[in-house]
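Thank you all for making time this morning. I would like to walk through one structure with you, going from its loops and strands to the way its helices pack.

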Amino acid sequence: MDKLNIALNFLEEVNKLGYEAYLIGGSTRDHLLGRPINDIDITTNMPILKVNEIFGRDYKLTNRFLGTKITYAGIELEITAFRRELSYKDHRHPVVVLANSLKEDLARRDFTINAIAMDRNKRIYDKYHGINDLSAKVIKTIGRPTRRFNEDALRILRACYFSIKLDFRIEPKTMAGIRKKLHLLKNLQTLTILTELIKIFKLKNKEMFRLFKRIKLTKHLPYLKTLFYNLEKNNYYPESLVELIYLISYFNGSLLDVNIKKEYKRRITKALALKKTSYSFAEILRLLEKGEVDV
């Protein structure tokens, strides 16, 4: 049985217990696009502690009342309770409380294409017209873009990620909101930004560099400017966070100040010594590809 049908069986079991449960986010989006489903995301009004009590023989509690990951019929399900967000701290972290309905839960989500829910019978709940945006191949925020990006600045990079991954355009109002709120990325931890960038680099699509130029990403994150230039020129895409930190450090001339394990810092510092040798950047890229640089 495939992932989708296993997930639908889980929804049916929850329904039989008297609760609502829906596939949400990437699960529904990718199903509607005819793409392989990777992660299974479910939202429900079943208390999370009860989910673990009944289904969680193997579970990882992500939040005591709001989220859990369980293994069900051999696959991992990420389950969250219906929730709403009262406010945001530091343009990133929400103050979250339980919600009473799917309607409230959908309203807190980032983009219309990620706010499509599906029940056990494959009935679709699409309050924000995400299916229309899937058909039009556009990335659009729920509500005012400036408000959404002001709440969580990382959504700017998430919009880029979905645009590159799905080959969708960012609709004009959302793009204007990105440009207006781009400066808020400076409030985020560097490691948070780099972790999101690695997801984009793993797509290995040169269009990302054109998009970064369009939104003028390096204007507010100048430590990425020379990196992007050389990666685009050499058609190279870092595949790990450590490798990305090394390459940024290479161009900055010193180890990027981020909170990583001491072992990673040692390995990056060791690799940086190559810059003092006769190796060109292109040669170092070849060494990275061959696994001959210790990062």
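Let me start with aspartate 167, which in this predicted model is found in the loop between α7, residues 155–166, and β11, residues 169–170. Although aspartate 167 is not a glycine, its phi is positive, at about 60 degrees. Is aspartate 167 buried or exposed? Its relative accessible area is 62%, and because anything over 50% counts as exposed, aspartate 167 is exposed.

A second loop residue can be set beside that one, namely lysine 137, whose place is in the loop between α5, residues 130–136, and β10, residues 138–139. Lysine 137 is again a residue other than glycine with a positive phi, near 60 degrees. With a relative accessibility of 46%, lysine 137 counts as partly exposed.

Positive phi values turn up in the hairpins too, so to speak of those, let me begin with strands β4 and β5. Strand β4, residues 67–72, and strand β5, residues 75–81, run antiparallel and are joined by six bridges. If you would like one pair to look for on the screen, isoleucine 70 has leucine 77 in β5 as its bridge partner. Two residues lie between the strands of this hairpin, and alanine 73, in the turn, has a positive phi of about 55 degrees.

The next hairpin is made by β6 and β7, with three residues between the two strands. Here strand β6, residues 83–89, runs antiparallel to strand β7, residues 93–98, and six bridges join them. Glutamate 85 is paired in this way with valine 96 in β7, while aspartate 90, in the turn, has a positive phi of about 50 degrees.

Staying with strands for a moment, I would point you to threonine 43, which sits in strand β2, residues 40–44. Threonine 43 is buried, with a relative accessible area of 0%. Which residues does threonine 43 touch, if we leave out those up to four places away in sequence? They are Glu20, Ala21, Tyr22, Ile24, Thr80, Ala81, Phe82, Leu102, Asp105 and Arg109. As for distances, the C-alpha atoms of threonine 43 and glycine 18, which are 25 residues apart along the chain, are separated by 15 Å.

Now to the helices, and α3, residues 48–55, is a convenient one to begin with, since Ile48, Val51, Asn52 and Phe55 are buried there. Looking down the axis of α3, you would find these buried residues within an arc of 95 degrees, so they line one face of the helix.

The remaining part concerns helices that pack against one another, and I will take helix α9, residues 190–201, and helix α13, residues 241–252, whose axes come within 10 Å and cross at roughly 110 degrees. The two helices α9 and α13 are therefore roughly perpendicular to each other. On the α9 side, the contact involves Leu191, Leu194, Thr195, Leu197, Ile198 and Phe201, which meet Leu241, Leu244, Ile245 and Ile248 in α13. Sorted by class, that contact has nine nonpolar residues, one polar residue and no charged ones.

Helix α9 also packs with helix α10, residues 207–215, at an angle of about 135 degrees and with the axes 10 Å apart. That angle makes α9 oblique to α10. In this contact, Leu197, Ile200 and Phe201 of α9 meet Met208, Phe209 and Phe212 of α10, and the residues divide into six nonpolar, no polar and no charged.

Returning to α13, how does helix α12, residues 225–234, pack with it, and at what angle? The angle is about 110 degrees, with the axes 9 Å apart, and α12 and α13 are therefore roughly perpendicular to each other. From α12, the residues that make the contact are Thr226, Leu227, Asn230 and Leu231, and from α13 they are Leu244, Leu247, Ile248 and Phe251. By class, the contact of α12 with α13 is made up of six nonpolar, two polar and no charged residues.

Let me end on α12 itself, where the buried residues are Leu227, Phe228, Asn230, Leu231 and Glu232. Just after α12 comes asparagine 235, which takes a positive phi of about 50 degrees.

Definitions and conventions:
Residues are numbered from 1 along each chain as its sequence is written. This is a predicted model: local features need pLDDT of at least 70, side-chain atom pairs count only at pLDDT 80 or more; totals for chains, interfaces and linings use all residues. Side-chain values use heavy atoms; hydrogens and water are left out. Two strands pair if DSSP finds at least two bridges between them. Helices (H or I, at least four residues) and strands (E, at least two) are DSSP runs, numbered from the N terminus. Buried means under 20% relative accessible area, exposed over 50%, partly exposed in between (1.4 Å probe, protein chains only). The arc is that of the directions from the helix axis to the C-beta atoms. Axes are lines fitted to C-alpha atoms, for helices over the stretch in contact, and angles run from 0 to 180 degrees between N-to-C directions. Angles under 35 degrees count as roughly parallel, over 145 as roughly antiparallel, 65 to 115 as roughly perpendicular and the rest as oblique. Contact means heavy atoms within 4.5 Å. Ala, Val, Leu, Ile, Met, Phe, Trp, Tyr, Cys and Pro count as nonpolar, Asp, Glu, Lys and Arg as charged, and the others, Gly among them, as polar.
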